[in-house]
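Visitor: Hi, can you walk me through this one? I'd like to start with the ligand and then look at a helix.
Guide: Sure, let's bring it up.

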Amino acid sequence: MPCEVKPRFVVLYGSQKGQAQSIAEGIAEEAEGHGLVADLSCLSQNEKYNLEKENAPVVFIVSTTGDGEPPDNALQFVRRIKKKTLSTDHYKHLCFALLALGDTNYANFCNCGKTIERCLQELGAKQFYATGYADDGVGLEVVVDSWIEGLWKAIKGALSKMASDGTGPLKGNAEDSAKEAPDSSIPDVQLNLLSITDHQNCDSVRASVDTDSKFASVASSSASATSDLRPASPAGSTGLASLPGVTASVSTSAPKTHTGDAGVPQVALAASLTRSPPPLSESSLNVPALPPSYLDVSLQEVDTTEQIVGPVNKETLHQVPISRAVQLTSGDSVKTALLLELDISAYPTMAYQPGDSFDVFCPNRAAEVDNMLLRLGLQNQRNHHVNVSLRKDTKKKGARVPSYIPLNFPLLFVFTWCLEIRSVPKKAFLRALVEHTGDDVQRRRLQELCSKQGAADYNLFVRDPSLSVLELLTAFPSCSPPLSLLIEHLPKLQPRPYSAASSRLRHPGKLHFVFNVVEFPACSRRPAGRRGLCTGWLVDLINPGPVFPGKDESYGSPAPPKIHVSVRSNFSFRPPSDPSVPFIMVGPGTGVAPFIGFLQQREEDRQKNPEVVFGETWLFFGCRHRDGDYLFRRELEGFVSSGTLSHLKVCFSRDDEEATTSQPRYVQHNLLLNSQHVTDILLKQNGCLYVCGDAKNMAKDVNETLMEMIKTELQLDQLEAMKRLAGLREEKRYLQDIWG
Ligand code: FAD
């Protein structure tokens, strides 16, 4: 009997936080169900793939990080394909599709994906399926799910085309496969070719992918049907869906209805995290395939109880004392901003520069870890050592033991320092939890939340309120997942970056940073309020509390608390190396942090080099109230007096005077008022503009204002102004350090 060889394709991913990786793994796992074989590799694993000789379709899944940078594990690849020495037919033989992940709250949306796409096209590669641009700002799955849905047909189309051209990897099989495929009307690969060069096109592709995701098959309930206050029980649930690669359709029998005389529902049931009214409760559901489990986790009793003292990779981190804590906002401010000073004098290698940021490693809150262990029934094993290994029989492609779970460490340590236990559960996690939920009503609701039909409810009850796994498990008491499932699905606990707010020249051996304490207020979907993980932890650490400026600011307690940090150099967000170059800084709120470092450094340089000519400096700062949250007011005014800061432009968004007059309220208004100077510096004097702070609103508004200014100043249309601004970015003269 001839041996059947399934057509193969290649999946390559570049991933910073694991999202692109897990999507790529999902595709590789689903491949078999579509009669295909996927070769999965990370872009950094050069030895595992060879694009120079690849004749199978290649699918790229890549995220973007920082200010539009490639993820670390895609950096080399991007450098390689950007080489000017490569000829324009270098990848003539290559046929590819690309899914780019990004976040529209940040500039340079999906930049890494766009760069790879552009380079491959310039090198002659052909695209067999429109690029998907998934936006984490609204939920990646909106685009990812439908993009993957269409991918299979596109791959088969590409294979079929390659086979008929005689260029494919498996001529016979690909042809067979195409013949066998139920959908033989695959459009010519060429029809799917797209060249996305500008934002408008990019949006239209996104829109088209969105449109594809509308479901024709949502079972609509009859108009008169309403729930009897209980969601339907899952009829025949999950048998199908538990097969790898199978997207199951879970149908439910309609619940009994209670209708009034006129057939009008008597009770309007409000949706909540744990229950749904019709039509969702009566719909057939498309739930994702069950992600294959891949870890074996065992707990080993040990004789000794170890003290938990900090994160695991201590060799690369520095443990430094907090030598000073100052509250920068007044007591009645809406937000609390704190300045912490770290004593880094023991670590001369921590040679940070203004513009650099550094990572703070924080643990999960002890009470939440305790509750998690309690909820999992593991509180008595908290000191047992955790052993994690790969399941021999796993169907998960590219499965690996997570590198951030150290071997033979106590369970308490793993939950405290390694796993982001507050992370919002992804749909794949919800899908996996279904299998460990005893109660039918709860199972059905979990199925709904991870289904296509329940996408709106997922956003409303899970994503938007940042529901944590613990909160989810509390709401679904019959769900008892094994420890291995938590380790498979909870992401790595990430350190939090903060911008350095000092210069070593001014404060030798010290590092300052400034942050707002993040507050998640209680609301109907979150009964108990909470603080951000890291900022809440820092506040607790500096108990009995920070001092206000003007008081004795040295840290009071006998043994200052210590935190683990590591420096993240930012080689582009630096003051111009030529001191004569003028520059503009835009940093409202805590966004002013790096500019305090810039200005301290500039002041020291001016004092040491009186003969040097220094360029103009502008700072646009904004806050709510002049008397409440004008951070660094005295220091900024001091920079103006000394001539270090040529122009300080401050606005207050909530002061009555500003609200009732035509005073500028936000930094972009002040920029506009100084349009002539700003554009002169940027367009005529070769100067630089730096933006730091809130990515969601401020950075976008500033960007739009700059565009308007350039349009007016140079009499350009929208597209030309966009190009001009993009040019400034490329020249590293318009730089952002923003966070959301
Ligand atoms: P987390 O527990 O991580 O919670 C914050 C998250 O919750 C955010 O993702 C936000 O989207 C979400 N969220 C916030 N409020 C709500 C709400 N009400 N409801 C639902 N979700 C909500 N921060 C500074 O203050 N100063 C800095 O100088 C600074 N520099 C940075 C530099 C860089 C390069 C980057 C990437 C970030 C920087 N940040 C800075 C942000 C900082 O790293 C942290 O993200 C921030 O302090 C919050 O951390 P946390 O652990 O307290 O909050």
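**Ligand shell and one helix**

Visitor: Before the details, what kind of model is this?
Guide: It's a predicted model.

Visitor: OK. Which parts of the chain supply at least two residues each to the shell around the ligand?
Guide: Strands S15 (496-499), S16 (510-516), S17 (519-520) and S24 (734-739) do, and so does helix H14 (533-541).

Visitor: And which one gives the most to the shell?
Guide: That's S15, with 4 residues.

Visitor: How many residues surround the ligand, and which are closest?
Guide: There are 22 around the ligand, and the closest are Pro497, Tyr498, Leu533, Cys534 and Thr535.

Visitor: What's the mix by class in that shell?
Guide: You get 10 nonpolar, 7 charged and 5 polar residues.

Visitor: Where is a polar backbone atom 2.6 Å from a ligand oxygen?
Guide: On Pro497.

Visitor: Which side chains have an N or O atom by a ligand nitrogen?
Guide: Ser466 has one 3.1 Å from a nitrogen of the ligand. For Trp739, the side-chain atom is 3.5 Å from a ligand nitrogen.

Visitor: How much of the ligand's surface does the protein bury?
Guide: The ligand exposes 980 Å² when taken alone, and the protein buries 74% of that.

Visitor: Switching to helix H7, which residues are buried there?
Guide: H7 covers residues 366-375, and Glu368, Val369, Met372 and Leu373 are buried in it.

Visitor: Why do those line one face of the helix?
Guide: Looking down the axis of H7, the buried residues fall within an arc of 135 degrees, so they line one face. The general rule is that an α-helix has 3.6 residues a turn, so residues three or four places apart point the same way.

Visitor: What about the other side of H7, buried or exposed?
Guide: Ala366 and Leu374 are exposed on that other side.

Visitor: What covers the buried residues of H7?
Guide: The cover includes three helices: H8 (411-418), H12 (469-475) and H13 (483-489).

Visitor: And what follows H7?
Guide: Gly377, with a positive phi near 70 degrees.

Visitor: Last topic, the whole chain. How many helices and strands?
Guide: The protein chain has 21 helices and 24 strands. Of its 740 residues, 49% count as buried.

Visitor: What's the accessible surface like?
Guide: About 33400 Å² for the protein chain, and carbon and sulfur atoms account for 50% of that.

Note on methods:
Residues numbered from 1 in each chain as written. Predicted model: local features only at pLDDT ≥ 70, side-chain atom pairs only at ≥ 80, totals over all residues. Heavy atoms only, no water. Near = heavy atom within 4 Å. Polar contact = N/O pair within 3.5 Å; in protein donor to acceptor, adjacent residues only side chain to side chain. Areas by Shrake-Rupley, 256 points an atom, 1.4 Å probe, with all protein chains shown as cover. Nonpolar A, V, L, I, M, F, W, Y, C, P; charged D, E, K, R; others polar. Buried < 20%, exposed > 50% of the residue type's maximum accessible area, 1.4 Å probe, protein only. Arc of directions from axis to C-beta. Contact = heavy atoms within 4.5 Å.
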